[in-house]
Amino acid sequence: MKFVYGILPLSLLAVSGFAQDVRYNYDHATDFSKYRTYKWVQIKEGGQLPELGDKQLKAAIDAELAKKGLTVTEGDADLLIGYQAAIGQEKQFNSYTTGFGPGWGWGGGWGGGWGGSSMTTGQTTTIHVGAVGLDMYDAAQKQLVWRGEASKTLDSKAKPDKVQKNVNKAVAKLLKNYPPKVKK
């Protein structure tokens, strides 16, 4: 029974470690209700996805922004929107301890003398972390008004269906709080 109580929380922690992280910030002085249209722009020196990934990401963003009442256009627009993407690797170390009592080893050691033995097991895995940064600029002012980032979103080694599912989920989470709520 102790084994179940010890392993279950650790396994849940390991699974939650793969959850997408979303952050955003915005210009609090901006009236977001005035934005109705947007145009895609490429951010200079920003990492871009290959053609298929680019289409998938833009389609997911277009769909979420349409839900918010924004329309994409090729002409003059209220907002200029661009993204940056990065795929990298991160090492994750998972460990757990098994054994009897709180002691470390035998006898009266660190744990207060309960006796028994314990063993710590560790495993290192490589996680491919992919982040997308989405920037929104006021077209008239040429100023950044909203910025969001979703990490653990892109995985170049995942199957196409999983990639699309992750992108859709991340974009929905990223734009959940767009436009920012007006505080009264």
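## Contact range and overall layout

Take the contacts between residues at least 6 apart in sequence: 74% of them join residues at least 24 apart. Keep in mind that this is a predicted model.

As for secondary structure, the chain comes to three helices and six strands. Walk along the sequence and the pattern reads α-β-β-α-β-β-β-β-α. Of the 184 residues in the chain, 30% are buried.

## The nonpolar core

The largest nonpolar core has 27 residues. If you want the best-connected ones, look at L65, L79, L134, M136, W146, L175 and Y178, which have the most contacts inside this core. Who chips in? At least two core residues each come from β2 (37–40), α2, β4 (79–99), β5 (118–138), β6 (143–151) and α3.

L79 is a good one to click on. Skipping its neighbours within four places in sequence, L79 is in contact with Y35, T37, Y38, K39 and L70, and also with M136, Y137, D138, A139, V145 and Y178.

## Strand β2 and its partner

Strand β2 has two faces: Y38 and W40 sit on the covered one, while T37 and K39 sit on the uncovered one. Three of the β2 names turn up again around L79, namely T37, Y38 and K39.

For pairing, β2 runs parallel to strand β3 (residues 71–72), and two bridges join them. T37 has T71 as its bridge partner in β3.

## Helices α2 and α3

Next, the helix pair. Helix α2 (residues 51–67) and helix α3 (residues 160–174) have axes that come within 9 Å and cross at roughly 35°. The crossing is right-handed.

On the α2 side, the contact is made by Q56, L57, A60, I61 and E64. Facing them in α3 are P160, V163, Q164, V167, N168, V171 and A172. Sorted by class, that contact has eight nonpolar residues, three polar ones and one charged one. Both helices also feed the nonpolar core, each supplying at least two of its residues.

## S151 in strand β6

One last stop: S151, which is found in strand β6. Is S151 buried or exposed? Its relative accessible area is 10%, and buried means under 20%, so S151 counts as buried.

What does S151 touch, leaving out residues up to four places away in sequence? The list is Q20, D21, G130 and A131.

Definitions and conventions:
Residues numbered from 1 in each chain as written. Predicted model: local features only at pLDDT ≥ 70, side-chain atom pairs only at ≥ 80, totals over all residues. Heavy atoms only, no water. Axes fitted to C-alpha atoms, helices over the stretch in contact; angles between N-to-C directions. Helix = DSSP H or I, 4+ residues; strand = E, 2+ residues; numbered from the N terminus. Left-handed = near helix turned anticlockwise from the far one by under 90°. Contact = heavy atoms within 4.5 Å. Nonpolar A, V, L, I, M, F, W, Y, C, P; charged D, E, K, R; others polar. Core = buried A, V, L, I, M, F, W, Y, C linked by side-chain atoms within 4.5 Å. Buried < 20%, exposed > 50% of the residue type's maximum accessible area, 1.4 Å probe, protein only. Pairing = 2+ DSSP bridges.
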